[in-house]
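Subject: Structure handover

Hello,

I am passing the structure on to you with this email. Please look through it first, and then read the notes underneath.

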Amino acid sequence: MRVLVTGGAGFIGSVTGRALRLAGHEIAILDDFSTGHDWACIGKQIFRADLRDRAGLDAAFGAFRPEAVMHFAAKAVVPESVANPGLYYDVNVVGSLRLLEAMRLVGCRKIVFSSSAAVYGTPEKSPIDEQAPQHPINPYGRTKKHFEEVLEDVRPADGLAYASLRYFNACGAAPEWHLGEIREPETHLLPIVIRATMKNQPFTVCGTDYETRDGTCVRDYVDVRDLADAHVRALERLRPGQGAAYNLGSELGTTVREVVAAVGKVLGKPVPFRDGPRRAGDPATLVASCAKARAELGWTPRRPLEESIRSVVEFLQSRGG
Ligand code: UFG
């Protein structure tokens, strides 16, 4: 299939682009490079455009004529969404609507959308399945929920085929492809802890008084290469006029302190940290049930956290730390 990968210069988009090529698909990348990287792109078909720029989108769709879109491009930092909600609605909702319109004009009726566990907000029970109530607690989560609803409305009206993939905590790297997570400033726990240990500069544990087994937040860390595999499966199973949402996680809950211990074990040295106050808007526990993805996509998360940690270390070392 010819697949246009929006956000293909970013972390999950770039790894999935490689996986798509390995699976025999032809890809082109559309990215505004606001947070993506040139070094993460493969192939010659790279379109530098903002989702909100219809002329840029139409040029990409006209030149590549994709049969499907994988839509990763988004603003995705929760505290930034609280500080600047308008930007998040503009890029994640308005930009995504423009993308749908550009797809419609060329008869492209398949989309795999990067959604998030953030659509659930603070869950009532754990693990979380796709039927759990959706009460997002920040603008980022609300923009993801809104666009999922747009897809579900457009599906019957337009014969659209979609899959909304709700990632829990994406982590890891693909050092074999020289791909991984580089963001300045870094906001995600795993790269923060690994960098802190490599540079011997303490990081802060955000909250130690949660109702969890050691007082720190429990999260579900899922390897980016497992996520990429789920995307390829979701794409290949899209059927006209059908749509579904899938949770993608490891189904294992890991506390911040357990992440610290695992990084220390892999790197063979103590992790420097200090305990700090809670971060605003953090639910105590977020763990996925992925029964639906297992049953319908034939997907299984395979890589344990230690392997993800090793892949990040290898990737960071290959880039000089
Ligand atoms: N944390 C620290 N110290 C840090 C950074 C993070 O203790 O320096 C803690 C956080 O408080 C949280 C855990 O580590 O308990 C994980 O934090 P991340 O920022 O890595 O990830 P989040 O769980 O906040 O965010 C993830 C996704 C978002 C998504 C969100 C849903 O990255 O896209 O889950 O709640 F919106």
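The notes below go through the domains, the ligand, the salt bridges and some details of the backbone.

Please keep in mind throughout that this is a predicted model.

Domains

The domain assignment splits the chain into two parts, and each part is made of two stretches of sequence. Domain 1 takes 2-170 and 223-248, while domain 2 takes 175-219 and 251-318. Between the centres of the two domains, taken over C-alpha atoms, the distance is 23 Å.

The interface between them involves 34 residues of domain 1 and 32 residues of domain 2. About 3000 Å² is buried between the two domains, and carbon and sulfur atoms give 62% of that area. On the side of domain 1, the residues that lose the most area to domain 2 are R225, D226 and Y246, which together make up 21% of what that side buries.

As for polar interactions, twelve residue pairs are in polar contact between domain 1 and domain 2, counting pairs with both residues at pLDDT 80 or more. Three elements give two or more residues to the side of domain 1 that touches domain 2: α1 (11-22), α7 (224-236) and β11 (243-248). By residue type, that side consists of 18 nonpolar, seven polar and nine charged residues.

Two salt bridges are found across the interface of domain 1 and domain 2. R225, already listed for the area it loses to domain 2, also forms a salt bridge with E176. The closest N and O atoms of R225 and E176 are 4.0 Å apart.

Ligand

The ligand has 20 residues around it, and those that come nearest are L189, T204, R219, R279 and D282. For L189, a polar backbone atom is 2.7 Å from an oxygen atom of the ligand. For T204, a polar backbone atom is 2.8 Å from a nitrogen atom of the ligand. H188 approaches with its side chain, where an N or O atom is 2.9 Å from an oxygen atom of the ligand.

Salt bridges in the whole structure

The search of the whole structure gives 24 salt bridges. One of these joins the side chains of R278 and D209, with 2.9 Å from N to O. This pair links distant parts of the chain, as the two residues are 69 residues apart. R278 is in the loop between β13 (273-276) and α9 (291-297), and D209 is in the loop between β8 (203-206) and β9 (218-219).

Backbone details

Which peptide bonds should you look at for a cis geometry? One is the bond from S126 to P127, with omega near 0°. P127 sits in the loop between β5 (110-116) and α5 (139-158). Another is the bond from E184 to P185, with omega near -5°. P185 sits in the loop between β7 (169-171) and α6 (189-199).

The last item is N200, in the loop between α6 and β8. N200 is a residue other than glycine with a positive phi, near 55°.

Regards

Terms used. Residues are numbered from 1 along each chain as its sequence is written. This is a predicted model: local features need pLDDT of at least 70, side-chain atom pairs count only at pLDDT 80 or more; totals for chains, interfaces and linings use all residues. Side-chain values use heavy atoms; hydrogens and water are left out. Domain bounds come from an automatic or database domain assignment. Contact means heavy atoms within 4.5 Å. Buried area is the accessible area (1.4 Å probe) that two parts lose on being put together, summed over both. A polar contact is a pair of N or O atoms within 3.5 Å; within protein, one must be able to donate a hydrogen and the other to accept it, and residues adjacent in sequence count only if both atoms are side-chain atoms. Helices (H or I, at least four residues) and strands (E, at least two) are DSSP runs, numbered from the N terminus. Ala, Val, Leu, Ile, Met, Phe, Trp, Tyr, Cys and Pro count as nonpolar, Asp, Glu, Lys and Arg as charged, and the others, Gly among them, as polar. A residue is near a molecule or strand if one of its heavy atoms lies within 4 Å of it.
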